[in-house]
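Please open the model in your viewer and keep the selection panel at hand. The tour below goes from one selection to the next and says what is there.

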Amino acid sequence: MSLTGSYDDANIFAKIVRGEIPSVKIFEDDAVLAFMDAFPQSRGHALVISKTSKARNILEVEPQVLAELAAATQKLARAVTAALKPDGVVVTQFNGAPAGQTVFHLHFHVIPRYEGEALGRHGGGMADIDDLKALAAKISAAL
Ligand code: 5GP
């Protein structure tokens, strides 16, 4: 799927928003949801999505929703940093398959980086659910 096309209500993040598939949540309100990436590229890799918008990417998103997402991404990055004490943190998002996007519901990645630790592969192995729950609890406690 490229930059053109329509929103697919059956995408995995839409299912997470609707509660049809489980996720390890960090925080949410009526507008946004932050949760652990199930295939993390580093310890504490988390995602932020809108719960209301059907934007597939940053080009389509309503400015108000983008503002909500930006604020939530900062909140998440601060909590991840406070909780896990990484040496750096990557905030990123991809638009279109050639850019690396695999889930076509706009999302921001918060990826903590640790000195001397290589970044895991994008779309690598699935994390242990109990590890994700422990990390989410730690990050939530730092909100
Ligand atoms: P993208 O490649 O579209 O920028 O990022 C999609 C992200 O969603 C990837 O980092 C991938 O690991 C993550 N992901 C894919 N499927 C699931 C899932 O079912 N649950 C969770 N929590 N994350 C997922």
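The stops that follow cover the ligand, its shell and the pocket around it. Keep in mind throughout that this is a predicted model.

**Stop 1: the ligand and its neighbours**

Select the ligand and the 18 residues around it. Those that come nearest are Asp 37, Thr 102, His 107, His 109 and His 122.

**Stop 2: polar atoms facing the ligand**

Show the side chain of Asp 37: one of its polar atoms is 2.4 Å from a ligand oxygen atom. Next, show the side chain of His 107, where a polar atom lies 2.8 Å from an oxygen atom of the ligand. For Val 103, turn on the backbone instead, since here a backbone N or O atom is found 2.9 Å from an oxygen atom of the ligand. How much of the ligand does the protein bury? Taken alone, the ligand exposes 520 Å², and 90% of that is buried by the protein.

**Stop 3: the shell by element and class**

Colour by secondary structure. Two or more residues of the shell around the ligand come from each of helix H1 (12-18), strand S2 (32-36) and strand S5 (107-113). Which of these gives the most? H1 does, with three residues. Now colour the shell by residue class: ten residues are nonpolar, seven are polar and one is charged.

**Stop 4: the largest pocket**

Hide the ligand and display the pockets. The space that the ligand takes is the largest pocket, and the volume of this pocket is about 540 Å³. Select the 28 residues that line the largest pocket. Phe 13, Asp 37, Ala 38, Phe 39 and Leu 47 are the lining residues nearest its centre. Asp 37 is thus worth keeping labelled, as it is also among the residues that come nearest to the ligand.

**Stop 5: where the lining comes from**

Return to the secondary-structure colours. At least two residues of the lining of the largest pocket are supplied by each of H1, S2, S5 and helix H3 (129-141). H1 provides the largest share of this lining, three residues. By class, the lining of the largest pocket comprises 17 nonpolar residues, ten polar and one charged.

Definitions and conventions. Residues are numbered from 1 along each chain as its sequence is written. This is a predicted model: local features need pLDDT of at least 70, side-chain atom pairs count only at pLDDT 80 or more; totals for chains, interfaces and linings use all residues. Side-chain values use heavy atoms; hydrogens and water are left out. A residue is near a molecule or strand if one of its heavy atoms lies within 4 Å of it. A polar contact is a pair of N or O atoms within 3.5 Å; within protein, one must be able to donate a hydrogen and the other to accept it, and residues adjacent in sequence count only if both atoms are side-chain atoms. Accessible areas come from the Shrake-Rupley method with a 1.4 Å probe; for residues, only the protein chains shown count as cover. On a 1 Å grid over the protein atoms alone, a cavity is a set of points where a 1.4 Å probe fits but cannot get out, and a pocket is an open set with protein on both sides within 12 Å along at least five of seven lines; lining residues have an atom within 4 Å of a point. A molecule sits in a cavity or pocket if more than half of its atoms lie within 2 Å of its grid points. Helices (H or I, at least four residues) and strands (E, at least two) are DSSP runs, numbered from the N terminus. Ala, Val, Leu, Ile, Met, Phe, Trp, Tyr, Cys and Pro count as nonpolar, Asp, Glu, Lys and Arg as charged, and the others, Gly among them, as polar. Grid points are joined across faces, edges and corners, and a volume is the space filled by probe spheres set on the points.
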